[in-house]
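Me: I would like a close look at a single part of this predicted model. Please begin with one residue and work outward from there.

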Amino acid sequence: MNIYMMLHLFGAKIVPKKQVSIAPTKIGGIGHKEATQVRYRLGISENIKVNESTKYQIDQIEQIIGQDHVVHGELKRGKRADIKRLISISCYRGIRHQDGLPLRGQRTHTNARTCRKFRIVVPSKKKEFGIVPSKKKKFCKKKE
């Protein structure tokens with residue numbers, strides 16, 4: 001295999017200079033342990049790099065990962081289905097997903113900027129009718 005040719009497996013770019021036991025970790029859903037298990041099943045030495053391996057070995061790696069592991073697209077579809085299920089049964093986590101807030105008890109008063117950033121802001125009714133609030137803030141005492 002040519003060093004300059006980039007290999008794509010399951011929508012991930014595999015770096016040719018990496019070892020065969022490390023390179024598949026770029027695929028979503030494959031960690032270090034799974035990549036090492038695939039290498040052991042094929043009987044590939046741990047020092048061989050992707051660009052030194054044959055096309056047959058790479059096809060076998062792709063075949064084993066496709067059969068035994070849930071990767072990239074399937075993994076995303078599964079996560080999306082789980083979130084839809086949580087929303088449909090209206091549990092606490094589902095409601096938090098729906099509102100775009102943190103799920104696991106984090107505070108939202110000062111933190112949680114990223115989850116609050118993408119909220120859609122509904123324009124206020126004052127601006128629709130042409131009434132613009134004054135820019136100066138006036139503080140007044142409550143009338144008793």
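Which residues does His69 touch, not counting residues up to four places away in sequence? Please set the answer in the context of the surrounding elements.

Reply: In this predicted model, His69 touches Ile30, Glu34, Val38 and Ile64 once residues up to four places away in sequence are left out. His69 itself lies in the loop between helix 2 and helix 3. Despite its place in a loop, His69 is buried, with a relative accessible area of 17%; it falls in that class because the limit for a buried residue is under 20%.

The overall arrangement gives the setting. The chain has 6 helices and 2 strands, and along the sequence these follow the pattern β-β-α-α-α-α-α-α. Of its 144 residues, 22% count as buried, and His69 belongs to that buried class. Among contacts between residues at least 6 apart in sequence, 43% join residues at least 24 apart.

Two of the residues that His69 touches lead to further contacts. Ile30 and Val38, both touched by His69, are also in contact with Ile65. Leaving aside neighbours within four places in sequence, the contacts of Ile65 are Phe10, Pro24, Ile27, Ile30, Val38 and Val71. Ile65 has a notable place in the largest nonpolar core: of the 17 residues of that core, Ile14, Ile27 and Ile65 touch the most other members. The elements that give two or more residues to this core are strand 1 (7-9), strand 2 (12-14), helix 1 and helix 2. Helix 2 supplies the largest share, 4 residues.

Ile64, another residue touched by His69, leads to the end of helix 1. Leu42 lies in helix 1, which covers residues 32-42. Apart from neighbours within four places in sequence, Leu42 is in contact with Gln57, Gln60, Ile61 and Ile64. Ile64 is therefore shared between two sets of contacts, that of His69 and that of Leu42, where contact means heavy atoms within 4.5 Å. For one of the other partners, Gln57, the C-alpha atom is separated from that of Leu42 by 7.9 Å, although the two residues are 15 apart along the chain.

A polar link accompanies these contacts. Asp68 forms a salt bridge with Arg41, and their closest N and O atoms are 2.2 Å apart. Asp68 lies in helix 2 (residues 55-68) and Arg41 in helix 1, so the pair ties together parts that are 27 residues apart in sequence. Asp68 is partly exposed, with a relative accessible area of 40%, whereas Arg41 is exposed, at 54%. The buried state of His69, at 17%, contrasts with both of these values.

The count of salt bridges comes to 2. The other pair is Lys55 with Asp59, whose closest N and O atoms are 3.7 Å apart. Both residues lie in helix 2, 4 residues apart, which is about one turn of the helix. Lys55 is exposed, with a relative accessible area of 63%, and Asp59 counts as partly exposed at 35%. Helix 2 thus holds both Lys55 and Asp59, and it also carries Asp68, the partner of Arg41 in helix 1.

Helix 1 offers one further interaction of a charged group. The charged end of Arg39 sits over the ring of Tyr40, 4.7 Å from its centre. Aromatic pairs, by contrast, number 0 in the structure.

On the other side of the loop that holds His69 comes helix 3, made up of residues 72-88. Its 17 residues reach 24 Å from the first C-alpha to the last, close to the 24 Å expected at 1.5 Å a residue. Helix 3 is followed by Ser90, which lies in the loop between helix 3 and helix 4 (92-99). Phi of Ser90 is near 55 degrees, a positive value in a residue other than glycine. Most residues other than glycine have a negative phi. A positive value also occurs at Ala112, where phi is near 65 degrees. Ala112 lies in the loop between helix 4 and helix 5 (113-117) and is buried, with a relative accessible area of 17%.

To return to the starting point, His69 is a buried residue in the loop between helix 2 and helix 3, in contact with Ile30, Glu34, Val38 and Ile64.

Notes. Residues numbered from 1 in each chain as written. Predicted model: local features only at pLDDT ≥ 70, side-chain atom pairs only at ≥ 80, totals over all residues. Heavy atoms only, no water. Expected span 1.5 Å × (residues − 1). Phe/Tyr/Trp six-rings, centres within 6.5 Å; stacked < 30°, edge-to-face > 60°. Lys NZ or Arg CZ within 6 Å of the ring centre and 35° of its normal. Salt bridge = Lys/Arg side-chain N within 4 Å of Asp/Glu carboxyl O. Buried < 20%, exposed > 50% of the residue type's maximum accessible area, 1.4 Å probe, protein only. Core = buried A, V, L, I, M, F, W, Y, C linked by side-chain atoms within 4.5 Å.
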